[in-house]
Amino acid sequence: MNPIDTQSLMLQMRSLAAQAEAKPALDVTENVKSGEDKGANFADLLAESVQSVNHEQHKAGDMKKAFEQGDPEMELSEVMLQVQKASLSFQAMTQVRNKLVEAYKDVIHMPL
């Protein structure tokens, strides 16, 4: 495998950050008009996120197993990066879940 090119990685991260900042804000009236559709999209987005975290963890597990078995194409740095990606994505998903549970509890305890 090729060594990690840090310059290229930094450029990719900067371009992704710029793209994320360039997305326009959603119009509130648009959300009200298509509220039903947005709920379905949120569920799909949440399911995709869980599947993505699952994929990252399986990929990290497969890479660790290949490295432990002595695969000459598997480098320790790549394995460690993938393990960290999987760990960070799982932690982020856990935090999102915690916020959703907290929001649910707030809504349930609202007086009518």
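**Four helices and a nonpolar patch**

Phe-42 is found in helix α3, and this residue makes a good starting point for a walk through the predicted model. Phe-42 counts as partly exposed because its relative accessible area is 44%, a value that falls between the 20% limit for buried residues and the 50% limit for exposed ones. Phe-42 also belongs to a nonpolar patch on the surface, which covers about 420 Å². The other members of this patch are Leu-45, Leu-46, Val-96 and Leu-100. Two elements, α3 (residues 35–68) and α4, each give two or more residues to the patch. Helix α3 provides the largest share, with three residues.

With that patch in view, the overall layout of the chain can be described. The secondary structure consists of four helices and zero strands, so that the pattern along the sequence reads α-α-α-α. Of the 112 residues in the chain, 10% are buried. The accessible surface comes to about 9,600 Å², and carbon and sulfur atoms account for 60% of this area. Contacts across the sequence were also examined. Where the contacting residues are at least 6 apart in sequence, 58% of the contacts join residues at least 24 apart.

Two pairs of residues show how α3 and α4 can be followed in space. His-58 is found in helix α3 and is partly exposed because its relative accessible area is 48%, again between the limits of 20% and 50%. Along the chain, His-58 and Val-83 are 25 residues apart, while their C-alpha atoms are separated by 9.8 Å. The second pair begins in helix α4, where Leu-88 is found. Leu-88 is exposed because its relative accessible area, 54%, is over the 50% limit. From Leu-88 to Glu-56 the distance is 9.9 Å, C-alpha to C-alpha, and the two residues are 32 apart in sequence.

Glu-56 appears again in the surroundings of Ser-89. Ser-89 is found in helix α4 and is buried because its relative accessible area is 18%, which is under the 20% limit. Leaving aside residues up to four places away in sequence, Ser-89 touches Val-53 and Glu-56. A polar atom of the Ser-89 side chain also lies 2.9 Å from the backbone oxygen of Ala-86.

How confident is the prediction along the chain? The mean pLDDT is 80, and 74% of the residues reach 70 or more. Confidence is highest in helix α4 (residues 76–108), with a mean of 91, and lowest in helix α2 (residues 28–33), with a mean of 47. Over residues 25–32 the pLDDT is below 50, and beyond near neighbours in sequence this stretch has three contacts in the model. Ser-89 and Leu-88, described above, are both found in α4, the helix with the highest mean confidence.

How values were computed
Residues are numbered from 1 along each chain as its sequence is written. Side-chain values use heavy atoms; hydrogens and water are left out. pLDDT is the predictor's confidence in each residue, from 0 to 100. Contact means heavy atoms within 4.5 Å. Patches are made of residues with over 30% relative accessible area and no salt bridge: like charges are joined within 9 Å, nonpolar side chains (Val, Leu, Ile, Met, Phe, Trp, Tyr) within 5 Å. Accessible areas come from the Shrake-Rupley method with a 1.4 Å probe; for residues, only the protein chains shown count as cover. A salt bridge is a side-chain nitrogen of Lys or Arg within 4 Å of a carboxyl oxygen of Asp or Glu. Buried means under 20% relative accessible area, exposed over 50%, partly exposed in between (1.4 Å probe, protein chains only). A polar contact is a pair of N or O atoms within 3.5 Å; within protein, one must be able to donate a hydrogen and the other to accept it, and residues adjacent in sequence count only if both atoms are side-chain atoms.
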